[in-house]
Each structure stands twice: as structure tokens, then as C-alpha cells.
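Colleague: Could you walk me through one part of this model in detail, and then place that part in the rest of the chain? I'd like the cut-offs spelled out as you go.

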Amino acid sequence: MAEAESPAVVASGLKGVASDWADDKQAFHVPWGKAMMWIFLLSDTFIFSCFLISYMNVRITTTVPWPIPSEVFALSFGGEPIPLILIAIMTFVLITSSGTMALAVNYGYRRDKRKTVLLTLATAVLGATFVGMQAFEWTKLIVDEGIRPWGNPMGAAQFGSSFFMITGFHGMHVTAGVIYLIVVATRVGTGYYDRHRGGNYEMVEIAGLYWHFVDLVWVFIFAFFYLW
């Protein structure tokens with residue numbers, strides 16, 4: 001039978017545990033900025049989930065006919081309406097921006113400053129294009145169709161409130177992302193990260209996490225709001 005561990009050894013072990021806790025050990029080597037971005041995105045996921053679940057609940061329970069998205073969001077070219085053409089272009093633009101962002105992160109790891117800046121700015125331009133098209137969409141619905149957050153001449157009144165709330169909240173995220181990307185690209189281009197971060201372009205990856213999240217949320221909005 002093995003001998004019992006002496007009290008001195010136990011005490012030493014307890015002191016070691018206390019020392020580990022006091023030294024603020026890092027279990028997973030994740031940069032602080034990246035960890036905070038993941039926490040922010042997790043909280044944002046809950047918010048968008050609540051919005052989409054509420055939309056589905058309203059859509060299912062309303063007794064007033066719901067407008068048909070393919071008719072509401074159609075644009076006329078040569079007198080013939082094309083269903084969801086603007087939404088399809090917006091989706092293509094946003095998905096393309098996800099590709100340019102991924103390339104920006106890749107070249108950031110390679111310390112290729114020029115390509116990182118150009119691809120980050122290209123992502124910002126695509127994001128701004130998306131916001132511009134969304135503004136056109138809103139203008140068309142408000143001015144031409146008479147849809148308001150509190151009313152809708154085309155059917156259920158909840159259509160306007162849910163549409164403007166969900167797409168508006170997402171549009172705010174895209175706008176904030178465009179500003180964020182411009183700031184990051186400017187700092188990469190001016191050598192800010194070279195002087196203050198030792199040439200670490202980690203912020204490009206953190207911005208990429210945010211941008212990919214915004215793109216992913218749009219996929220769910222597109223599926224639930226425009227295709228349902």
C-alpha cells in the first residue's frame with residue numbers, strides 16, 4: 001500500500017494551486033481583442049435571433065394576408081417586373097465582400113501591406129454599395145408603395161414594422177463595419193500597426209470576424225424575409 005502523502009507535500013501543492021490562480025494563467029492562447037470580438041458577436045447573435053424568431057411568430061399568427069415578397073420587392077425593367085432582382089444583387093455584393101475580406105486577412109498574415117489595404121478598402125466599398133442599395137429599397141417602399149412601420153397598404157401592418165426593424169438593424173451593422181474597415185485600412189497603410197503593434201496585423205482578422213458575421217446574418221434575413 002502506498003504511503004499517505006505528507007502534510008508538507010499537500011501544503012506545497014495547495015500553494016502551487018494558489019500561485020497558479022494568482023498568476024492569471026491563460027488556458028487558451030487567444031488574443032484579448034479577438035476574444036472580446038467573439039463575445040460581442042455572441043451577444044449580437046442573441047439579438048438577431050430574437051428579431052427573427054419574433055418575425056416568424058408574427059408571420060405565422062397574423063390573420064391579415066401577408067404581402068408576397070416576390071411582388072413587393074420586384075423592380076420593373078422595360079415594363080416587366082423582375083422579382084427580387086435588387087435583393088439578389090445586394091446578396092451577391094455582400095457575399096463578394098466576404099471573399100475580399102478573407103483575402104485581406106490572408107495578406108495581412110503575410111505582412112503584404114499594399115494588398116491588405118486594397119482588399120480591406122474594396123470590402124468597405126462593397127459594404128457601402130450594399131447600404132446604398134438598401135437605402136434605394138427603403139425609399140421605393142416608403143415613397144412608391146406607402147409602407148410605414150405602423151401601416152402597410154399591401155397587407156398585414158406588421159410587415160412594415162418587422163421589415164424596417166430587422167433590415168435597419170442589419171444596415172446599421174454594415175455601416176459601422178464600413179467605418180471600421182476604413183479605419184483599419186488607414187492604420188495598416190500609414191504603418192500604425194508597424195509602429196505600435198510590432199507589425200502585427202491582428203486587427204485585420206478581428207475586423208474580418210465582424211464582417212463575416214454581418215454577411216452570415218444577411219443570409220438568414222434573406223432566407224426568412226425575402227424567400228418565405
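What follows is a request about one helix and a single long reply.

At what angle do helix 2 and helix 6 cross, and which residues make the contact?

Modeller: Some ground rules before the helices. This is a predicted model, where local features need pLDDT of at least 70 and side-chain atom pairs count only at pLDDT 80 or more, while totals for chains, interfaces and linings use all residues. Residues are numbered from 1 along each chain as its sequence is written, and side-chain values use heavy atoms, with hydrogens and water left out.

Now the overall layout. The protein chain has eight helices and two strands, where helices (H or I, at least four residues) and strands (E, at least two) are DSSP runs numbered from the N terminus. In sequence order the pattern is α-α-α-β-β-α-α-α-α-α. Of the 228 residues, 39% count as buried; buried means under 20% relative accessible area, exposed over 50%, and partly exposed in between, with a 1.4 Å probe and protein chains only. Take the contacts (heavy atoms within 4.5 Å) between residues at least 6 apart in sequence: 73% of them join residues at least 24 apart.

On to your pair. The axes of helix 2 (32-61) and helix 6 (158-189) come within 9 Å and cross at roughly 160 degrees. That makes helix 2 roughly antiparallel to helix 6. For the scale, under 35 degrees counts as roughly parallel, over 145 as roughly antiparallel, 65 to 115 as roughly perpendicular and the rest as oblique. The axes are lines fitted to C-alpha atoms, for helices over the stretch in contact, and the angles run from 0 to 180 degrees between N-to-C directions. The crossing of helix 2 and helix 6 is left-handed, that is, the near helix is turned anticlockwise from the far one by less than a right angle (clockwise would be right-handed).

As for who touches whom, helix 2 brings Met 37, Asp 44, Ile 47, Phe 48, Phe 51, Leu 52, Tyr 55 and Val 58 to the contact, and helix 6 brings Gln 158, Ser 162, Met 165, Ile 166, Phe 169, His 170, His 173 and Tyr 180. By type, the contact splits into eleven nonpolar, four polar and one charged; Ala, Val, Leu, Ile, Met, Phe, Trp, Tyr, Cys and Pro count as nonpolar, Asp, Glu, Lys and Arg as charged, and the others, Gly among them, as polar.

Helix 6 has another partner in helix 5 (113-144). The axes of helix 5 and helix 6 come within 9 Å and cross at roughly 155 degrees. That makes helix 5 roughly antiparallel to helix 6, and the crossing is left-handed. The residues of this contact divide into 17 nonpolar, eleven polar and two charged.

A couple of residues show how these helices are placed. Gly 177 lies in helix 6 and is buried, with a relative accessible area of 1%. Leaving aside neighbours within four places in sequence, Gly 177 is in contact with Tyr 210 and Trp 211. Thr 123 is 54 residues away from Gly 177 in sequence and 9.6 Å away in space, C-alpha to C-alpha. Gln 134 sits in helix 5 and counts as buried at 5% relative accessibility. Not counting residues up to four places away in sequence, Gln 134 touches Met 90, Thr 167, Gly 171 and Trp 218. Over in helix 2, Met 36 counts as partly exposed at 33% relative accessibility. Met 36 and Ile 206 are 170 residues apart in sequence, yet 9.5 Å apart in space, C-alpha to C-alpha.

Then there's the core. The largest nonpolar core has 56 residues, and those with the most contacts inside it are Phe 73, Ile 87, Val 204, Trp 218, Ile 221, Phe 225 and Tyr 226. Such a core is a set of buried Ala, Val, Leu, Ile, Met, Phe, Trp, Tyr and Cys residues joined through side-chain atoms within 4.5 Å. Helices 2, 4, 5, 6 and 8 each supply at least two residues, and helix 8 gives the most, with 15. Ile 221 ties back to your pair: its contacts, neighbours within four places in sequence aside, are Leu 52, Ile 166, Thr 167, His 170 and Tyr 226.
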